[in-house]
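Biologist: I've got the model open and I keep tripping over its labels. Can you take me through why each one is used?

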Amino acid sequence: MPNVLVVGYDDSSAGQRALDFAAERARQTGATLVVAHVLEWSPYSFLTVEELAERHKRREAELTRAQQAIVEPVLGKLHKAGLEARGELRYGHIADTLIAIAVEVGASEIVIGRTGESGITARVFGSVAGTLAQAAPVPCTIVP
Amino acid sequence: MTVTKRMAAPAAGLAAFLALAGPVAAQSLGERVDSIFAASTGWFVNIIFANLPGTNIPWIVGWLVIGAVFFTLYFGFIQFRAFGHAIALVRGVYSNPKDAGEVSHFQALATALSGTVGLGNIAGVAVAVSIGGAGATFWMILAGLLGMASKFTECTLGVKYRNEYEDGTVSGGPMYYLKKGFAERGLPLGGFMAVMFSIFCVLGALGGGNMFQANQAASQVQSVLGIPTWITGLVLSVIVFVVIVGGIKSIARVTEKVVPFMGVGYVLVSLLIIFMNADLILWAFGEIFRGAFTDSGIVGGIVGAIIQGFRRAAFSNEAGIGSAAIAHSAVRTKEPITEGFVSLLEPFIDTVVICTMTALVIIITGQLLQDAETGRYILNEAGRIATASGATGGVPITSAAFGAVFGWAPYALSLAVFLFAFSTMITWSYYGMKSWTYMFGEGRKKEMTFKVIFCVFVFIGAVSSLDAVIDFSDAALFAMAVVNIIGLYFLMPIVKRELESYLGRLQSGEIRRYQA
């Protein structure tokens, strides 16, 4: 069975660390990488009427930008390095969406970077790493 | 073109107007604006509120109620049948996760609600019970329940016939379904009715969506904090100007976020007051039923209570008026009918829940004075029910009712009134502008013209007297309903087809749930 790793990636240094770690792991095990980029989105946020009317247009623009500026360059590099990789670009709650992707692609592991959020924000809202550690259906590696 | 350049000319115009208007003594200015206003809008108000021949029932109230009853029957009490499904839709049970990032049902509902939950819920209800007595509450709730069917019809059509442009933005609302829907059914005059609707919508945006809000906010701030109305008017019109002309989205966004919490807070405080007087709850409902079906001493008797209840309900939840169809049409859904289901929750939340809270608080805190022996209301010289606090008109009565229990409540209410007014204005400026551009075409200059007019009316509304403003506001909103409901009658078979097809596929499992 082909081994699939889901790596949560954004253009932060934490995302880069996660990607490097996952790429190394893939090289060793011959696993396929799924580079997941999640655009934070809640269906329960509040928008003005104007934002409602422009939402679809904005969404398309955001998706195109993320695809071109974030996902594609990374996939290019990974392919060049001889790794098998594909991208997943989604909207949603970051941890929940990573879990959903992992389940869909039958991943054996989720890799994310630690953003180092502690303090009050993480306590109140929870962190992606914390949620994943508690809720992920597969082993989860949090790269410091 | 830079933002500054674009804003410079109209900003200078507005500043000049306000500079002229500002320093003038508030009283005389208010009176002058008021008399000009009353004189120029009186004829329009008279037509809309003309009584049915031989009765003292305004024909327009009958028009709205008959429409709502008709839609209720035609769609087989859809507001009760689809209530659970509507909540499931808002919870996202039927939303495909792949569509995340698009406007959700919840967001469309929340935004449309922030346009309707406003002063109608605070001031309008106080006006209704202070003229129509506790019994007006019963008719208001009934109108709210019936109005759910009107809202369902118009919002379904709003989504079905919206315009989607190449850049992905959408425009929808009664003007689009009147035009396209009539054409599709081979009916004449669709284009004409669309323009009529747009004219009335622009007036409604300036009236109920603007002046009424500014007026009530300014008078509340004056009575609680002692700040003259023209100052509040000036501040409000500048903030609105900054937001809708300057495109300072952050202010609007903050308001959109705060307003729902204020709404919830308002209901919670009301419930607290109601339960603190738990022994009076049964009595209050008794008063509501007694006033609804017997003569409680108000001017006009039972009919007076009915008219007040229906009139304020329509003004508050806007069912049948067509405005919400503009906001709801932004949702991207394969099934227009789902937006109809979701929208029927609006009159429920707005009128059946929030308006009833206001009415109960006013009744339970004993604001409406009754003759101890006969139980009939004591009227003041204006023919309205005398209040315990001596307050008359809109917000002051509600404020006194809350203030009777919590000393801090009038201050919190002032803030709520200000924010509700502001969010309603922002939403209505959009409704008005959509109608304006429907008539005159899209374009910066045309939009700017409307926005500047809108800001000037904020000021006019703040300094006018309540009666002239309230009459004009109601008249303009109801004029929208005249055109809109005619359209709904002709287009409702289309909605019925959608409904039957959808319900069939829901039952067969073709429309699937994505969550338990």
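Biologist: Why is Arg58(A) called partly exposed?

Modeller: Its relative accessible area is 38%. Buried means under 20%, exposed means over 50%, and partly exposed is what lies in between (1.4 Å probe, protein chains only). Arg58(A), at 38%, therefore gets the middle label. Before we go on: this is a predicted model, where local features need pLDDT of at least 70, side-chain atom pairs count only at pLDDT 80 or more, and totals for chains, interfaces and linings use all residues. Residues are numbered from 1 along each chain as its sequence is written, chains are lettered from A and ligands numbered from 1 in the order in which they are written, and side-chain values use heavy atoms, leaving out hydrogens and water.

Biologist: Okay. What makes Glu54(A) and Arg58(A) a salt bridge?

Modeller: The rule asks for a side-chain nitrogen of Lys or Arg within 4 Å of a carboxyl oxygen of Asp or Glu. For Glu54(A) and Arg58(A), the closest N and O atoms are 3.4 Å apart, so the pair qualifies. Both sit in helix α2 (residues 49-80) of chain A, and because they are four residues apart, about one helical turn separates them. "Helix" here is a DSSP run (H or I, at least four residues), a strand is a run of E of at least two, and both are numbered from the N terminus.

Biologist: How do you know that Asp167(B) and Lys57(A) are a salt bridge too?

Modeller: Their N to O distance is 3.7 Å, which passes the cut-off just given. This pair crosses between chains: Asp167(B) is in the loop between β1 (163-164) and β2 (170-171) of chain B, while Lys57(A) is in helix α2 of chain A. Asp167(B) is partly exposed at 41%, and Lys57(A) is partly exposed at 34%. Over all chains, the search finds 14 salt bridges.

Biologist: What makes Arg90(A) count as buried?

Modeller: Arg90(A) has 14% relative accessibility, so it falls under the buried limit. Glu88(A) counts as buried as well, at 19%. Their side chains meet in a salt bridge at 3.3 Å, N to O. Glu88(A), Arg90(A) and Glu104(A) are linked in a network of salt bridges.

Biologist: Why are β3 and β5 of chain A said to stand at the edges?

Modeller: Start with the sheet: five strands, in the order β3-β2-β1-β4-β5 (chain A), make it up; it is open and the pairing is parallel. Two strands pair if DSSP finds at least two bridges between them. β3 (85-92) and β5 (140-143) of chain A each have a single partner strand, so one side of each lacks a neighbour in the sheet. From one strand to the next, the twist averages 25°.

Biologist: How do you know that β1(A) and β2(A) are joined?

Modeller: Five bridges link them, so the requirement of at least two is met. Leu5(A) stands opposite Leu33(A) in β2(A). Further along, eight bridges join β2(A) to β3(A), with Ala36(A) opposite Glu88(A). Four bridges join β4 (residues 109-113) of chain A to β5(A), where Ile112(A) has Ile142(A) as its bridge partner.

Biologist: What makes β1(A) "mostly covered"?

Modeller: Five of its five residues are buried. Val4(A), Val6(A) and Gly8(A) point one way, and Leu5(A) and Val7(A) the other. β3(A) is also mostly covered, with six of its eight residues buried.

Biologist: And over in chain B, why is Ser429(B) counted as buried?

Modeller: Its relative accessibility is 6%, so it is under the limit. Ser429(B) lies in helix α19 of chain B. Leaving out residues up to four places away in sequence, Ser429(B) touches Ile244(B), Phe450(B) and Phe454(B); contact means heavy atoms within 4.5 Å.

Biologist: Last ones: why is Ala404(B) exposed, and Trp408(B) partly exposed?

Modeller: Ala404(B) has a relative accessible area of 53%, so it clears the exposed cut-off. Trp408(B), at 46%, is partly exposed. Ala404(B) is in the loop between α18 and α19 of chain B, and Trp408(B) is also placed in the loop between α18 (394-403) and α19 (409-440).

Terms used
Axes fitted to C-alpha atoms, helices over the stretch in contact; angles between N-to-C directions.
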